[in-house]
Amino acid sequence: MLGFNMQGWGQNLVPNPSFEDTSYCVTGSGEMPAALGWNSYGDSPDYFNVCSSNADVSVPNNWGGYQEPSSGNAYAALGTFCTDCGIGPNVREFIGRNLSTPLNIGTKYYVSFKAVLSTSPTIWANCATNNLGVGFTNIPYNWSTSPFQINNNPKVFCDSIIKDTLNWVTVFGSFIADSSYQYIVLGNLFDDPSTDTLIVDSGASPTGNCTSYYYIDDICVSTDSSYTANYLYTGIVNSPLAAVFSLYPNPLINQLNIESNSNTPYEIIIHNAIGQIVYQEFNINANHKMIDLSTYSKGMLLVSIKSNNQTICHKLLKH
């Protein structure tokens with residue numbers, strides 16, 4: 001009888017791969033744990049979500065510049081090189097989390113993720129690097145107690161410099177598992193002498209030294225090569241709030257209606273397509289809320305509803 005190992009076939013082994021499921025709405029820098037299941041494995045990587053009321057860490061506008069997600073409403077960001085940080089060589093930020101199931105020794109796995117470079121005078125981000133990649137471990141790491149150490153040994157990485165600041169670049173590769181790895185870690189796993197750099201915005205840093213910062217989205221690990229190479233998150237992770245709130249009509253012309261079947265207070269924030277807050281209201285108790293949008297510009301609107309420390313986001317089209 002033939003036996004087939006179906007683990008991960010057409011299935012992503014990375015839970016919350018696009019950072020859509022939140023444990024709370026991010027409020028500031030270094031809050032990677034706000035993306036449910038994810039953590040900082042080194043230094044202070046950042047999490048951005050459209051639900052945030054802090055313009056520094058919102059979407060699509062934030063301190064790294066303007067960037068729409070590859071999919072959904074959120075993404076992460078991390079530093080891959082920094083000579084302006086003043087704390088010595090090999091300055092890195094890493095993100096990581098557990099896999100849904102451990103890897104099988106001897107099995108070939110495919111890995112993909114999307115990255116785009118940030119250039120921003122706000123954070124002196126002016127430089128691009130190569131070596132952005134993925135590693136796997138058998139233990140979780142924590143930046144404050146046991147940070148991940150650079151090992152020059154990622155399983156999949158990009159050996160060319162990623163310098164696109166507009167379009168998401170897919171990094172794709174494969175490896176054969178040599179251990180039953182349970183955790184994934186992402187960042188530049190090479191040291192400074194092994195990393196190539198390129199200044200792409202000389203005006204973003206007053207010193208002209210290299211500070212490199214990348215947005216990250218849509219991480220996938222699977223035994224299915226085609227599924228992984230073409231992976232794109234296609235829907236928001238279901239939230240309990242999805243059964244509480246309904247929004248209509250979509251598309252809309254003048255008036256947005258929001259129905260709630262709960263008596264719990266909630267708040268509403270509406271962003272336009274370039275990330276500006278165009279409507280905001282807190283401590284709403286109405287089961288039926290009407291918002292007049294007749295004077296608003298046509299285009300995409302992002303509606304965030306927060307209640308009981310959970311957030312659900314909707315995209316609406318305004319005609």
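Aspartate D192 makes a good starting point for a first look at this predicted model: D192 is buried, its relative accessible area being 17%. Its partner is R92, and the two side chains come together in a salt bridge with an N to O distance of 2.8 Å. R92 also counts as buried, because its relative accessibility is 5% and the cut-off for burial is under 20%. The two residues are 100 residues apart and belong to distant parts of the chain. R92 sits in the loop between β5 (74–82) and β6 (94–98), whereas D192 sits in the loop between β12 (183–188) and β13 (197–199).

This pair is one of three salt bridges in the structure. Another joins D178 to K155, with 3.3 Å between the closest N and O atoms. Here too distant parts of the chain are linked, the two residues being 23 residues apart: D178 lies in the loop between β11 and β12, and K155 in the loop between β9 (132–137) and β10 (156–157). E281 and K289 form a salt bridge as well, their closest N and O atoms lying 2.9 Å apart. In this pair, K289 counts as buried at 16% relative accessibility, while E281, at 24%, is partly exposed.

Turning to the strands, an open sheet is built from five of them, with antiparallel pairing and the order β2-β5-β14-β7-β11. Its edges are formed by β2 (46–49) and β11 (169–176), each of which pairs on one side only. On average, neighbouring strands in the sheet are turned by 35 degrees against each other, direction ignored. Within the sheet, β7 (residues 108–118) and β14 (residues 211–222) run antiparallel and are joined by eight bridges. To find one pairing along these strands, the reader can look for S112, whose bridge partner in β14 is C220.

The nonpolar residues complete the picture. In soluble globular proteins, nonpolar side chains tend to be buried together. The largest nonpolar core in this model has 53 residues, and the members that touch the most others are F19, F136 and I219. At least two residues of this core come from each of β2, β5, β7, β9, β11, β12 and β14. Around F136, leaving aside neighbours within four places in sequence, the contacts are L99, L103, V111, K155, F175, Y181, Y183, I184, V185 and V221. K155 thus appears twice in this account, as a contact of F136 and as the salt-bridge partner of D178. Apart from the largest core lies another, made up of 19 residues, including L252, I284, V303 and L316.

Methods:
Residues numbered from 1 in each chain as written. Predicted model: local features only at pLDDT ≥ 70, side-chain atom pairs only at ≥ 80, totals over all residues. Heavy atoms only, no water. Pairing = 2+ DSSP bridges. Helix = DSSP H or I, 4+ residues; strand = E, 2+ residues; numbered from the N terminus. Axes fitted to C-alpha atoms, helices over the stretch in contact; angles between N-to-C directions. Salt bridge = Lys/Arg side-chain N within 4 Å of Asp/Glu carboxyl O. Buried < 20%, exposed > 50% of the residue type's maximum accessible area, 1.4 Å probe, protein only. Core = buried A, V, L, I, M, F, W, Y, C linked by side-chain atoms within 4.5 Å. Contact = heavy atoms within 4.5 Å.
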